[in-house]
Amino acid sequence: MAAYDGVVELYASLFANRLETQPFARAMIGTFAELVRATGNLRTADVGCGPGHLTAMLHELGLDAFGLDLSPGMVDHARRAHPILRFQEARMESLPIEDGALGGILAHYSMIHTPPAELPELIAEQGRVLAPGGLLLVSFFGTDGPEPVQFDHKVAPAYSWPADRLTELLDDAGLVPFARLLHDPASERGFLDAHLLARRS
Ligand SMILES: C[S@@+](CC[C@H](N)C(=O)[O-])C[C@H]1O[C@@H](n2cnc3c(N)ncnc32)[C@H](O)[C@@H]1O
């Protein structure tokens with residue numbers, strides 16, 4: 001995913017508006033933050049944080065949020081844009097976080113490039129670092145079933161997922177989905193915007 005290093009400034013200029021034009025995603029993140037606050041464990045990772053705008057949003061929503069991304073360019077940008085917040089280079093496959101430490105994980109379109117066969121490993125890693133009762137919000141491109149579909153994304157090949165299939169994978173990892181929002185996006189890409197909220201059992 002080194003490809004993101006080459007598009008840092010472009011990506012940040014397109015997406016760093018903190019979802020001002022995306023009320024559904026904003027509502028799901030607000031709901032997620034409220035549920036994390038209710039657990040009493042505010043420590044929250046924004047995994048695949050990109051330029052860090054959503055890490056900042058989680059911070060503004062009262063969470064002790066930090067960002068992780070495998071792209072050094074994205075991490076560098078996020079640090080400069082949000083100097084009071086913590087950002088670290090890391091892969092979602094191997095999170096530098098202790099077992100059961102987090103109250104929340106946000107994965108906002110950050111697992112879209114992961115080949116389907118590798119996704120269970122990433123999800124298991126998220127289950128490892130979430131405390132029991134901790135919350136996960138996953139946002140992705142939704143498609144009608146039965147299987148994920150690869151498509152050409154501007155940065156790197158990506159996959160759209162049937163919400164039911166992703167729900168099953170989360171459930172298998174002890175991350176129990178309890179809310180979902182699917183809606184037509186403003187974009188012409190042809191997929192739904194999909195958001196799943198799950199709780200660590
Ligand atoms: C589509 S961008 C989403 C960025 C941000 N979450 C947002 O919503 O604007 C995907 C991000 O995930 C990061 N990423 C992809 N695969 C990753 C992995 N396995 N581990 C860590 N970061 C990853 C990329 O470097 C990129 O910054």
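These are my notebook entries on a predicted model, in the order in which I looked things up.

**Entry 1: the ligand and its surroundings**

I began with the ligand and asked which residues surround it: there are 19 of them, and the closest are Tyr11, Gly48, Asp69, Met92 and His108. I then looked up individual atom pairs, and found a polar backbone atom of Met92 at 2.9 Å from a nitrogen atom of the ligand, while a backbone N or O atom of His108 lies 2.9 Å from a nitrogen atom of the ligand. On the side-chain side, I noted that a polar side-chain atom of His53 is 3.4 Å from an oxygen atom of the ligand. I also looked up how much of the ligand is covered, and wrote down that the ligand taken alone exposes 600 Å², of which the protein buries 97%.

**Entry 2: His108**

Since His108 is listed among the closest residues to the ligand, I followed this residue further and placed it in strand S4, which runs over residues 102–108. Is His108 buried or exposed? I found a relative accessibility of 14%, and because buried means under 20%, His108 counts as buried. Leaving out residues up to four places away in sequence, I listed the residues that His108 touches as Leu19, Ala25, Ile29, Val47, Leu54 and Ser139. With Ser139 there is also a polar contact, made between the two side chains at 3.5 Å.

**Entry 3: helix H5**

Next I turned to helix H5, residues 119–129, and wrote down its buried residues, which are Leu119, Leu122, Ile123, Glu125, Gln126, Gly127 and Val129. I asked what these buried residues pack against, and the list I obtained holds strands S1 (43–47), S4, S5 (130–142), S8 (175–183) and S9 (192–200), together with helix H6 (163–172). Strand S4, where I had already placed His108, is thus one of the elements that the buried residues of H5 pack against.

**Entry 4: salt bridges**

I then looked up charged pairs, with the reminder that side chains of opposite charge can pair when their charged atoms come close. How many salt bridges are there? The count comes to 10, and I went through three of the pairs with some care.

- Arg80 forms a salt bridge with Glu9, with 3.9 Å between the closest N and O atoms. Arg80 belongs to helix H4 (residues 72–81) and Glu9 to helix H1, so this pair ties together parts that are 71 residues apart in sequence. Arg80 is exposed, at a relative accessible area of 54%, whereas Glu9 is partly exposed at 48%. I also noted that Glu9, Asp76 and Arg80 are linked in a network of salt bridges.
- Arg43 forms a salt bridge with Glu98, with the closest N and O atoms 3.2 Å apart. The pair links distant parts of the chain, 55 residues apart, with Arg43 in strand S1 and Glu98 in the loop between strand S3 (86–89) and S4. Arg43 is partly exposed at 26% relative accessible area, and Glu98 is partly exposed at 46%.
- Arg128 and Asp99 meet through their side chains in a salt bridge of 2.6 Å, N to O. This pair also links distant parts of the chain, 29 residues apart, since Arg128 is in helix H5 and Asp99 in the loop between S3 and S4. I found Arg128 partly exposed at 27% and Asp99 exposed at 58%.

**Entry 5: a nonpolar patch on the surface**

Which residues make the nonpolar surface patch of about 300 Å²? I found Leu10, Leu14 and Phe15, and I looked more closely at Leu14, which sits in helix H1 (residues 8–15). Leu14 has a relative accessible area of 54%, and because exposed means over 50%, Leu14 counts as exposed.

**Entry 6: two distances along and across the chain**

Last, I compared separation in sequence with separation in space for two pairs. Gly62 lies in the loop between helix H3 (53–60) and strand S2 (64–69) and is partly exposed, at 37% relative accessible area. The C-alpha atom of Gly62 is 7.6 Å from that of Ala33, although 29 residues separate the two along the chain. Pro23, in helix H2 (residues 23–39), is partly exposed as well, at 47%. Between Pro23 and Glu89 I noted 66 residues in sequence and 29 Å in space, C-alpha to C-alpha.

Terms used:
Residues numbered from 1 in each chain as written. Predicted model: local features only at pLDDT ≥ 70, side-chain atom pairs only at ≥ 80, totals over all residues. Heavy atoms only, no water. Patch = residues over 30% accessible without salt bridge, like charges linked within 9 Å, V, L, I, M, F, W, Y side chains within 5 Å. Areas by Shrake-Rupley, 256 points an atom, 1.4 Å probe, with all protein chains shown as cover. Salt bridge = Lys/Arg side-chain N within 4 Å of Asp/Glu carboxyl O. Helix = DSSP H or I, 4+ residues; strand = E, 2+ residues; numbered from the N terminus. Buried < 20%, exposed > 50% of the residue type's maximum accessible area, 1.4 Å probe, protein only. Polar contact = N/O pair within 3.5 Å; in protein donor to acceptor, adjacent residues only side chain to side chain. Contact = heavy atoms within 4.5 Å. Near = heavy atom within 4 Å.
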